[in-house]
Amino acid sequence: MTAKGASKSNPTKVRKRVEAVESSASLKRAKDGSAFAKCEECNKSIPAGLIDMHSCSLEAKIKMTLETQVVEITETKKKPAEKKKAKATKGEAKPSKKVKKDKDPNMPKRPPTAFFIFMDEFRKTYKEANPDNKSVSEVAKKGGEEWKSKTDEEKKQYVDKAKELKAEYERAMENYNAGKQEDEAGSDKETDEVEELQDDSD
């Protein structure tokens, strides 16, 4: 292969000259963010990524490598703190993360939809037909395909069952909410009575 063919397949990269700007005693930063370390033996600025290729002694290379690593770590740790301070000084209050409410164990469970009622039945029949299949995703995929292929008449039994369960759930929720309001009203009366007793004793 000739030299011309090699140059076409591997074009030379254009090198960009970067001026180093001092950011700390041992590490200089260029305007584009690249890091340079100062070699104490030859007084040259060496790019941080190319320290191991530098021609000075092994001790100088090790020292420069350690200095750049320490500076890099401290600089990266300082940045998040600076960002937090900047956000706090702007005065814009960000909404805090939502706190989950504690679920009441006495609250009725929501009823399943027609599809989930169908899936409960389908899982049982599918496992009986394929006892060696342990893949949950495959069962769900087959169930989804089966549900899509059903007509509205075939789905009707599941839809009716879902409506019945939803009606039961709504009745249970009405009872639950009524009981909850009574509990709150009762606790308000109790606190009023306790306050009256305290006022009478004073």
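How far apart in helix α3 are D120 and R123, counted in helical turns? The two residues are separated by about one helical turn, because they lie three residues apart in this helix. In the predicted model examined here, their side chains meet in a salt bridge, with an N to O distance of 3.1 Å. Neither partner is hidden away: D120 is partly exposed, at a relative accessible area of 42%, and R123 is likewise partly exposed, at 33%. A general point helps here. An α-helix has 3.6 residues a turn, so residues three or four places apart point the same way.

The count of salt bridges comes to two. The other pairs K156 with D160, whose closest N and O atoms are 3.2 Å apart. Here the spacing is four residues within helix α5, so this pair too is separated by about one helical turn. K156 is partly exposed, with a relative accessible area of 48%, and D160 is partly exposed as well, at 32%.

Helix α3 itself is a good place to look next. This helix has 16 residues and reaches 23 Å from its first C-alpha to its last, close to the 22 Å expected at 1.5 Å a residue. Its buried residues are A114, I117, F118, M119, F122 and Y126. K127 also belongs to α3, but K127 is exposed, with a relative accessible area of 53%, which is over the 50% cut-off. The C-alpha atoms of K127 and V139 are separated by 8.6 Å, although the two residues are 12 apart along the chain.

What does V139 touch beyond its neighbours within four places in sequence? Its contacts are M119, F122, R123, Y126 and N133. R123, the salt-bridge partner of D120, is thus also one of the residues in contact with V139.

V139 takes part in the largest nonpolar core as well, a set of 10 residues that also holds A114, I117, F118, M119, F122, Y126, W147, Y158 and A162. Helices α3, α4 and α5 (152–201) each supply at least two residues of this core. The biggest contribution comes from α3, which gives six residues. A second, separate core has seven residues, among them C39, I46, I51 and C56. As a general background, nonpolar side chains in soluble globular proteins tend to be buried together.

Aromatic residues offer another view of the structure. A search of the whole structure finds seven aromatic pairs. One of them joins F115 and W147, whose ring centres are 5.7 Å apart and whose planes meet at 70 degrees, so the pair is edge-to-face. F115 lies in α3 (residues 114–129) and W147 in α4 (residues 136–149), so this pair ties together parts that are 32 residues apart in sequence. The two partners differ in burial: W147 is buried, with a relative accessible area of 14%, whereas F115 is partly exposed, at 26%.

Which residues form the aromatic cluster? F115 and W147 are members, together with F116, F118, F122, Y126 and Y158. Several names recur from the core described above: F118, F122, Y126, W147 and Y158 appear both in the cluster and in the largest nonpolar core.

Note on methods:
Residues numbered from 1 in each chain as written. Predicted model: local features only at pLDDT ≥ 70, side-chain atom pairs only at ≥ 80, totals over all residues. Heavy atoms only, no water. Phe/Tyr/Trp six-rings, centres within 6.5 Å; stacked < 30°, edge-to-face > 60°. Buried < 20%, exposed > 50% of the residue type's maximum accessible area, 1.4 Å probe, protein only. Expected span 1.5 Å × (residues − 1). Core = buried A, V, L, I, M, F, W, Y, C linked by side-chain atoms within 4.5 Å. Contact = heavy atoms within 4.5 Å. Salt bridge = Lys/Arg side-chain N within 4 Å of Asp/Glu carboxyl O.
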